Amino acid sequence: MAVNGKIALVTGAAQGLGRGFCEILLKNGAKVALLDVNKEVGNDLKASLDKEFGPDHTLFLTCDVTSEDQLSDAYQKTLEKFGKIDIVCNNAGIANERDWEKAVAVNLVAVVRSTYLALQHMKKQNGGQGGLIVNIASMAGLGPLLTSPVYTATKHGVVGFSRALAEASEACDFGVRLKVLCPTFVRTAIISTLSSEEYMGLFSCLHGFTEQMIGMFGMLEVPQVAEAFLQLVVEEGKNGSVLMVTPEITSYVEFPKSPTDVLSGNPSPSAPGSSPQ
Ligand SMILES: NC(=O)C1=CN([C@@H]2O[C@H](COP(=O)(O)OP(=O)(O)OC[C@H]3O[C@@H](n4cnc5c(N)ncnc54)[C@H](O)[C@@H]3O)[C@@H](O)[C@H]2O)C=CC1
Ligand SMILES: CCCCC/C=C\C=C\C(=O)C/C=C\C/C=C\CCCC(=O)O
């Protein structure tokens, strides 16, 4: 989808990857609703973006994505300010294996809720103009991060939910596409949890394991991931696709043949973007 003139809503927008996604959308001519639980950092970001893009191009909304009321209120305020929503990026996420229920609430439950809200506002059957939802998972949505089983589960959940809903949206002709971004390690604040005694808890015997993985996979910088995000947004079609990002390679993930392919007699595996929508 061409970004110029579009309205986007990004969760967890105040810093890290969320900030990178907002900046690349703004640079390409979108207006963006910035949602974040961190009011102070969010207000600072808004002030800095106002200088670069003008105050009418963004709206900062304090929003804890785990609150149903705050989330639906944020969608409502975005619509009141900008009149429509074309792109939603569900990015807010945490790593917390001790308070693992909170990790499930932020990383999975809130992504599901926000995706359904987005669908409700964008789908053609409700008078919407269609649109695109990009859910931020992780490479931990494709394979295990040993020190973080619950984080891994939530990210696998985001991948599975998004792929299933992408097919359902197409079958129901909602006019809304879903895509998933799976970066490896990125230099942001979430990484500071790395190897801390508080985080490791049960898994302290795996001390040093993540550092080894970072040595193997490498560490991305935010602008590299923002470029991959832009690629997902701009490329037409590819509903249900999952884009993996490492320092060396950005590529669509191929999954085993899905039951829908089998039912429809599609001989090829479930290649991303195989559907024309
Ligand atoms: N940094 C990394 O290595 C990777 C990160 N990811 C994913 O990217 C996403 C963004 O993470 P980072 O930018 O790295 O982390 P970060 O910690 O720098 O930023 C996360 C942002 O989300 C916000 N947030 C947290 N809980 C929230 C809530 N309940 N409601 C609203 N906002 C909330 C925070 O205030 C913060 O602004 C997460 O989903 C993370 O799992 C995926 C792969 C790698
Ligand atoms: C295919 C194998 C999966 C590899 C996963 C790769 C990268 C994933 C990175 C993230 O999503 C990073 C986000 C959170 C992790 C933060 C801390 C957990 C690590 C703690 C530790 O092990 O010390």
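On a 1 Å grid over the protein atoms alone, a pocket is an open set of points where a 1.4 Å probe fits, with protein on both sides within 12 Å along at least five of seven lines, and a molecule sits in such a pocket if more than half of its atoms lie within 2 Å of its grid points. This is a predicted model, in which local features need pLDDT of at least 70 and side-chain atom pairs count only at pLDDT 80 or more. Residues are numbered from 1 along each chain as its sequence is written.

Select ligand 1 to begin, since the space taken by ligand 1 is the largest pocket. Next, show the 29 residues around ligand 1 (those with a heavy atom within 4 Å of it), of which Asp36, Asn91, Tyr151, Val186 and Thr188 come nearest.

Now turn to the polar contacts, pairs of N or O atoms within 3.5 Å. Select Lys155, where a polar side-chain atom lies 2.9 Å from an oxygen atom of ligand 1, and then Val65, where a polar backbone atom is 2.9 Å from a nitrogen atom of ligand 1.

Finally, colour helix H1 (16-27) and helix H5 (149-171), each of which supplies at least two residues of the shell around ligand 1; helices here are DSSP runs of H or I with at least four residues. Within helix H1, Arg19 and Glu23 are 4 residues apart and so are separated by about one helical turn, and their side chains meet in a salt bridge at 2.9 Å, N to O (a side-chain nitrogen of Lys or Arg within 4 Å of a carboxyl oxygen of Asp or Glu).

Technical notes: Chains lettered and ligands numbered in written order. Heavy atoms only, no water. Polar contact = N/O pair within 3.5 Å; in protein donor to acceptor, adjacent residues only side chain to side chain. 1 Å grid on protein atoms, 1.4 Å probe; cavity = no way out; pocket = protein on both sides within 12 Å on 5 of 7 lines; lining within 4 Å.
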